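Dear colleague,

I am passing on the structure below, and after it I set out what was found, in an order that I hope will be easy to follow with the model open beside the text.

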Amino acid sequence: MPSLLLVLLLQAAPADVSELALRREVARLALAQVRRMDERWQPEQRDCAGLVRFVYREAYRRWRPERLATPLWLGPRGEPSHFADAETLLAHGFVRLGRDEATRESLRTGDLVAFRQERDAGPLFHLMLVVRPEDKAHAPARVVYHPGEKGAAVRTGLLPSLLTEAPLEWRPVPQNTAFLGFFRFKEWTR
């Protein structure tokens, strides 16, 4: 019987290893953009959703290039697309996990913190990528994000600091109606 268990574990390992490698690559790429934005990330694509698209696409390019035979994202009508804005990424590429403290504590690298603010010109969506050490005891989770302005740098901060130090409309707490919740890439929820 132990040999059957070992066979089952070995059969399951490649998918687990691939997702772990992808998550690590997403973290590496996201943090690298804070130091210096990659030339492969097109300047006209540099906003919060562009950061998500870029780091995911490049992570897959390195660890699972065959997956890129079809686009990672779906467009507004659910069609395969290389481009998706923040609203479309949340609607078609990610699954909402929740908005509470327990969900926040369970976040993994590659998950998103999402906001929607109502503006005169229409809703404004904002995404932040979570980068969390595999051993939570060594460091708190970080967020990495692009603020959206042309020429702006990618920024990072501690996720726990957002709870108390960010302006009220950017706090990931249930009382904030602009906070949509925490999200995970659909392909990583299977």
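How many salt bridges does the structure hold? The structure, which is a predicted model, holds 14 salt bridges, and a few of them are worth going through one by one.

You could begin with Glu-25 and Arg-28, whose side chains meet in a salt bridge at 2.7 Å, taken from N to O. These two residues are 3 residues apart in helix 1 (residues 2-35), so about one helical turn separates them. Their surroundings can be read from the accessible area: Glu-25, with a relative accessible area of 5%, is buried, whereas Arg-28, with 44%, is partly exposed.

A second salt bridge joins the side chains of Arg-36 and Glu-39, at 3.3 Å from N to O. Here Arg-36 is exposed, with a relative accessible area of 58%, and Glu-39 is exposed too, with a relative accessible area of 63%.

A third one is formed by the side chains of Glu-118 and Arg-116, at 2.8 Å from N to O. Glu-118 counts as exposed at 55% relative accessibility, while Arg-116, with a relative accessible area of 31%, is partly exposed. Elsewhere in the list, Glu-19, Arg-23, Arg-108, Asp-111 and Arg-184 are joined into one network by salt bridges that share partners.

Next come the nonpolar residues. In soluble globular proteins, nonpolar side chains tend to be buried together. In this model, the largest nonpolar core has 34 residues, and the members that touch the most other members are Val-52, Val-55, Tyr-56, Trp-73, Phe-94, Leu-127 and Leu-129. Two or more residues of this core come from each of helix 1, helix 2 (48-63), helix 3 (86-93), strand 4 (112-119), strand 5 (122-131) and strand 8 (179-185). Which of the elements gives the most to this core? Helix 2 does, with 9 residues. There is also a second, separate core of 14 residues, and Val-113, Phe-115, Met-128 and Trp-170 are among them.

Tyr-56 deserves a closer look in the viewer. Tyr-56 is buried, with a relative accessible area of 0%, and, if its neighbours within four places in sequence are left aside, Tyr-56 is in contact with Val-26, Leu-72, Trp-73, Phe-94, Gly-110, Leu-129, Phe-185 and Trp-188.

Several of these names return among the aromatic pairs, of which the structure holds 13. In one of them, Tyr-56 and Phe-185 are arranged edge-to-face, with 4.9 Å from centre to centre and 65° between the planes. This pair links distant parts of the chain, since Tyr-56 is in helix 2 and Phe-185 is in strand 8, 129 residues apart. Phe-185, at 2% relative accessibility, counts as buried.

Why is the pair of Phe-94 and Phe-185 tilted? The ring centres of Phe-94 and Phe-185 are 5.6 Å apart and their planes stand at 50°, so the pair is tilted; a pair counts as edge-to-face over 60 degrees and as stacked under 30 degrees. Because Phe-94 lies in strand 3 (residues 94-98) and Phe-185 in strand 8, the pair ties together parts that are 91 residues apart in sequence. Both Phe-94 and Phe-185 are buried.

Finally, Tyr-56, Tyr-60, Trp-73, Phe-94, Phe-185 and Trp-188 form one aromatic cluster.

With best wishes

Technical notes: Residues are numbered from 1 along each chain as its sequence is written. This is a predicted model: local features need pLDDT of at least 70, side-chain atom pairs count only at pLDDT 80 or more; totals for chains, interfaces and linings use all residues. Side-chain values use heavy atoms; hydrogens and water are left out. A salt bridge is a side-chain nitrogen of Lys or Arg within 4 Å of a carboxyl oxygen of Asp or Glu. Helices (H or I, at least four residues) and strands (E, at least two) are DSSP runs, numbered from the N terminus. Buried means under 20% relative accessible area, exposed over 50%, partly exposed in between (1.4 Å probe, protein chains only). A nonpolar core is a set of buried Ala, Val, Leu, Ile, Met, Phe, Trp, Tyr and Cys residues joined through side-chain atoms within 4.5 Å. Contact means heavy atoms within 4.5 Å. Rings of Phe, Tyr and Trp (its six-membered ring) pair if their centres lie within 6.5 Å; planes under 30 degrees apart count as stacked, over 60 as edge-to-face and the rest as tilted.
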